[in-house]
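Trainee: I am new to this structure and would like to look closely at a single part of it. Could you take me through chain B with some care, and then show me how its partner chain meets it?

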Amino acid sequence: MKLPMPSNPIHALCLKLGAWAVGMFVFALWIMPPMYDVFCEITGLNGKTGGRYEASEIQQIDTSRTINVQFVAINNDKMPWQFVPQTRSVRVHPGEQVQIDYRVHNPTGKDMIAQAIPSLVPYNAVNYFHKTECFCFEQQPLKAGESANMPLLFIVDQDIPQGVHTITLSYTIFDVTDRYAADQLLGAR
Amino acid sequence: MAHGPAKGISRWLFTTNHKDIGSMYLWFSFAMFLVGGLFALVVRAELFEPGMQIVDPNFFNQMTTMHGLIMVFGAIMPAFVGLANWMLPMMIGAPDMALPRMNNWSFWILPFAFFMLLSTLFMEGGGPNFGWTFYAPLSTTFAPPSVTFFIFSVHIMGISSIMGAINIIATILNMRAPGMTLMKMPLFVWTWLITAYLLIAVMPVLAGVVTMMLMDIHFGTSFFDAAGGGDPVLFQHIFWFFGHPEVYIMILPAFGIVSAIIPTFARKPLFGYSSMVYATASIAFLSFIVWAHHMFTVGMPIAGELFFMYATMLIAVPTGVKVFNWVATMFKGAMTFETPMLFAIGFVVLFTIGGLSGLMLAIAPADFQYHDTYFVVAHFHYVLVPGALFSIIAAVYYWLPKWSGRMYSEILGKTHFWVAFVGLNLTFFPMHFAGLAGMPRRIPDYHMMFANWNMISSVGAFLFAGAQLLFLYIIVTTIIKGRKATDRVWENSEGLEWTVPSPAPYHTFSTPPEVK
């Protein structure tokens, strides 16, 4: 189909150039961010780990290799919660399911909601670190003064590249009380 | 049908004349240049000695940020658009720009954008203080409330630039005099044609990134907020995808100006015209695939570091072709050293220094040490001040006799050059050493060990500022009482713009000239 173009060549050219400018705006706003996400998902570059892992096939435990998995906890900005891994590091065999806990405590006088965001290095291990259960999949509400244990179940894939001996998993905890409707999450319990 | 300019203020408000609009662009950018320079002087005054003396750190950050924003978007870019407005129609034998009304609009929205940007300094919480690169989350989560005004002013500047670029492309492609083939166009026209394409490609990306900031701040999206699943590094990728072509937007027209001036005063035709055109096009293409060299330290895999390192170094090839051609043009020429030529030669020498420090920064492993130090500041000021700015000043001296019909004082012009030359080298050369020794950018206070270099830089900055006041004096006195200029102005000037009388009449080339 041929679009009707103005007969004046200057106007026709300007229309094309204007359309190109609009196209670049759309590209920047709606195409670049998803493209970046897909790129990072494939390469693991920004350390974002995947969602809940469904163990489709039973993984063989590879006892010939041992991977050291370290856990780090970071409070974003002025997040007042106490947030610590109960286990600082654990040695696991690829294919074996392991559970560790993070402990959170809300020392403030108000009810709050937190969201933990994982980040993992090295980047070439990102796609081989599977979480079957993780507190980072949902928000964690805590009433004033409350504490909780937050579990993490994970499997290190057998196909993890040979060069990887240590994986560091870092969680940053964000205060998202304002972002989520507090009454929904706190009241439902 | 009225042929002369309208009387009074309405001439300037409603004008569709490319010469009027060009003059307004140039005066506006000169005003912004003085404002941005004032902000730089606040920065240099604070850095004169270690310790906190004059301003508080938050205001210092506002000054560095505003200096960058005003100089890039308010001084350099509008000055080039102003030169394009004045010269392009006269160089290609067109009666005016292709879209005169849009031309008026793209100028007149600019003062509002910058009024809005500058007014943030007086708002609660102050103006933008996150650096001219406005990295998220500094510019989103931790930004002062005035950031929304900053975002809208960037939108307006972007619209203005895009309209200007569309106008320039339409003029060049549709309005050339008969016989003016593409490969006969002066290089200033060529470089602006390519620059205009770059503008249309990347200004919308800038508009996109500030729109994402706007949505993150006010509408609860999480493009750059890790808490909601976003990624701050995404900001840097998008920003530099705009930002790297942007630095060529600020230098390609300068290449065109220098390629016009050097042949005139060397009394030889430009060496390697077509290689200049191809080199400009190659630089423009390469500018789209090197952006991540600004972010070597974000944690890229080695393959990424290597790709962006080699792609960046590749830019030195077409740039080297250009420098070679300028030198070859001067080689065995009958050179004289009038003020425009002094600025053009200053451009070639000092821009090359800036290019070489750019090559040093391109080396990914070494960049980890240089990153965010004063070495980077020295580098980009060497390509922007004696690069973009010197070419604009050279263009003003070169074409002012044609615009105003009067000659400037050669003695004052040469004084301006030498004071500016000494001032800028005093200001920016020591920054290389401070940076290599480890002084970080964007800090109001610093270790004692950097004290000497900073003191020299500050003295140089005030000297350079004095030179620019002299520039203003020269322009004003030339326009008022300079001696009459001839039509040809320079002994060996080539091009259609020198075939019209001086000062250039309000309407030129109403009937297209013959181009051989």
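Mentor: What follows goes from the overall form of chain B to some of its local details, and then to the chain beside it.

Please keep in mind throughout that this is a predicted model. Chain B is built with 16 helices and 0 strands, and its C-alpha atoms fill a box of roughly 65 × 50 × 45 Å when taken along the principal axes. For 516 residues, a compact globule would have a radius of gyration near 24 Å, and the 22 Å of chain B agrees with that. Buried residues make up 54% of the 516 residues in this chain. If we take the contacts in chain B between residues at least 6 apart in sequence, 83% of them join residues at least 24 apart.

Among the helices, H14 of chain B, which covers residues 374-404, deserves a slow look, since several details come together there. H14(B) is mostly covered, with 29 of its 31 residues buried. The helix has a kink of about 40 degrees at Tyr398(B), and this kink lies shortly before the proline Pro401(B). Just after H14(B) comes Gly405(B), which takes a positive phi of about 80 degrees.

Positive phi values also occur at residues that are not glycine, and two of these are found in loops of chain B. Arg267(B) has a phi near 55 degrees, a positive value in a residue other than glycine, and its place is the loop between helix H8 (252-266) and helix H9 (273-286) of chain B. To judge its surroundings we can count neighbours: a residue is called buried with 20 or more other C-beta atoms within 10 Å of its own, and exposed with 12 or fewer. Arg267(B) has 14 other C-beta atoms within 10 Å, and it is therefore partly exposed. Lys332(B), likewise not a glycine, has a positive phi of about 60 degrees, and it lies in the loop between helix H11 (316-330) and helix H12 (339-362) of chain B. With 9 other C-beta atoms within 10 Å, Lys332(B) is exposed.

The prolines of chain B bring in another backbone detail. The peptide bond from Ala136(B) to Pro137(B) is cis, with omega near 5 degrees, and Pro137(B) sits in the loop between helix H4 (100-119) and helix H5 (147-174) of chain B. A cis peptide bond is also found from Ser502(B) to Pro503(B), where omega is near -5 degrees; Pro503(B) belongs to the segment after helix H16 (451-481) of chain B.

We can now turn to the place where the two chains touch. The contact takes 26 residues from chain B and 23 residues from chain A. On the side of chain A that touches chain B, helix H1 (9-43), strand E5 (112-121) and strand E9 (166-175) of chain A each supply at least two residues. H1(A) gives the most to that side, with 15 residues. Sorted by class, the side of chain A that touches chain B has 19 nonpolar and 4 polar residues, and no charged ones.

The two strands just named lead us into a sheet of chain A. E5(A) and E9(A) belong to an open sheet of 5 strands with mixed pairing, in the order E3-E1-E9-E5-E7. Strand E3 (89-92) and strand E7 (140-142) of chain A stand at its edges, and each has a single partner strand, so one side of each is left without a neighbour in the sheet. From one strand to the next, the twist averages 25 degrees. E5(A) and E7(A) run antiparallel and are joined by 3 bridges, and the bridge partner of Ile113(A) in E7(A) is Pro141(A).

Chain A also has an open sheet of 4 strands, in the order E2-E4-E8-E6, with antiparallel pairing. Here strand E2 (82-85) and strand E6 (129-134) of chain A stand at the edges with a single partner strand each, so one side of each is left without a neighbour in the sheet. E2(A) and strand E4 (residues 97-105) of chain A pair in the antiparallel sense over 4 bridges, and Gln82(A) stands opposite His105(A) in E4(A).

Technical notes. Residues are numbered from 1 along each chain as its sequence is written. Chains are lettered from A and ligands numbered from 1 in the order in which they are written. This is a predicted model: local features need pLDDT of at least 70, side-chain atom pairs count only at pLDDT 80 or more; totals for chains, interfaces and linings use all residues. Two residues are in contact if their C-beta atoms, placed from the backbone, lie within 7 Å. Ala, Val, Leu, Ile, Met, Phe, Trp, Tyr, Cys and Pro count as nonpolar, Asp, Glu, Lys and Arg as charged, and the others, Gly among them, as polar. The radius of gyration is taken over C-alpha atoms; the globule rule is 2.2 Å times the number of residues to the power 0.38. Two strands pair if DSSP finds at least two bridges between them. Axes are lines fitted to C-alpha atoms, for helices over the stretch in contact, and angles run from 0 to 180 degrees between N-to-C directions. The bend at a residue is the angle between axes fitted to the seven residues ending there and the seven starting there.
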